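Trainee: Could you walk me through this one before I set anything up? I'd like to start with the overall layout.

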Amino acid sequence: MTRSTGQRRYHNKDVVQNDPNLKRWSDWTEPNRGFVNDFRCWLIGGGYHGSTLTVYGVAVRIVIGLLDKPYWAIDIDQDLQRVRDYVRSRPIKPQTRRLYGNGIDKVAQYLG
């Protein structure tokens, strides 16, 4: 519990995943988990918060969960295009699809 909000602190394992094509957080390697946490810290340091932080967090989880490879082996052009194509194929609202695309762009920026 935090003193300011009286709520539990955010934790990645609390996110419920309903996409069977993505590897579960519990099955990820420790370096990939660290990468996602470092990415979140980088976003927070850049002034991102609230819903933007949540959506970009989902985007990086899609990237790591779909590609199922170490983050340092991700090809920014080919692999992230594969993730973008996957997101386009999902039955989600166009606005959400656009926001996930922005999140994937941020992952590319972080990887670069």
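Trainee: What pattern does the protein follow along the sequence?

Mentor: Read from start to end, the pattern is α-α-α-α, and the secondary structure comes to four helices and zero strands. Keep in mind that this is a predicted model.

Trainee: OK, so what's the mean pLDDT of the protein?

Mentor: The mean pLDDT is 87, with 84% of the residues reaching 70 or more. Among the elements, confidence is lowest in α2, where the mean is 92, and highest in α3, where it is 95. As a general caution, predicted coordinates should not be read in detail where pLDDT is low.

Trainee: Switching to α4, how many residues does it have, and how far does it reach?

Mentor: Helix α4 covers residues 94-111, which is 18 residues, and spans 26 Å from its first C-alpha to its last, close to the 26 Å expected at 1.5 Å a residue.

Trainee: And which residues of α4 are buried?

Mentor: The buried ones in α4 are Y100, G101, G103, I104, K106, V107 and A108.

Trainee: What do those buried residues pack against?

Mentor: They pack against α1 (30-45), α2 (50-67) and α3 (78-89).

Trainee: Zooming out, what share of the protein is buried?

Mentor: Of the 112 residues in the protein, 36% are buried. The protein exposes about 7,200 Å², and carbon and sulfur atoms supply 50% of that area.

Trainee: What about contacts between residues 24 or more positions apart?

Mentor: If you take the contacts with a separation of 6 or more, residues 24 or more positions apart account for 60% of them.

Definitions and conventions:
Residues numbered from 1 in each chain as written. Predicted model: local features only at pLDDT ≥ 70, side-chain atom pairs only at ≥ 80, totals over all residues. Heavy atoms only, no water. Helix = DSSP H or I, 4+ residues; strand = E, 2+ residues; numbered from the N terminus. Expected span 1.5 Å × (residues − 1). Buried < 20%, exposed > 50% of the residue type's maximum accessible area, 1.4 Å probe, protein only. Contact = heavy atoms within 4.5 Å. Areas by Shrake-Rupley, 256 points an atom, 1.4 Å probe, with all protein chains shown as cover. pLDDT = per-residue confidence, 0-100.
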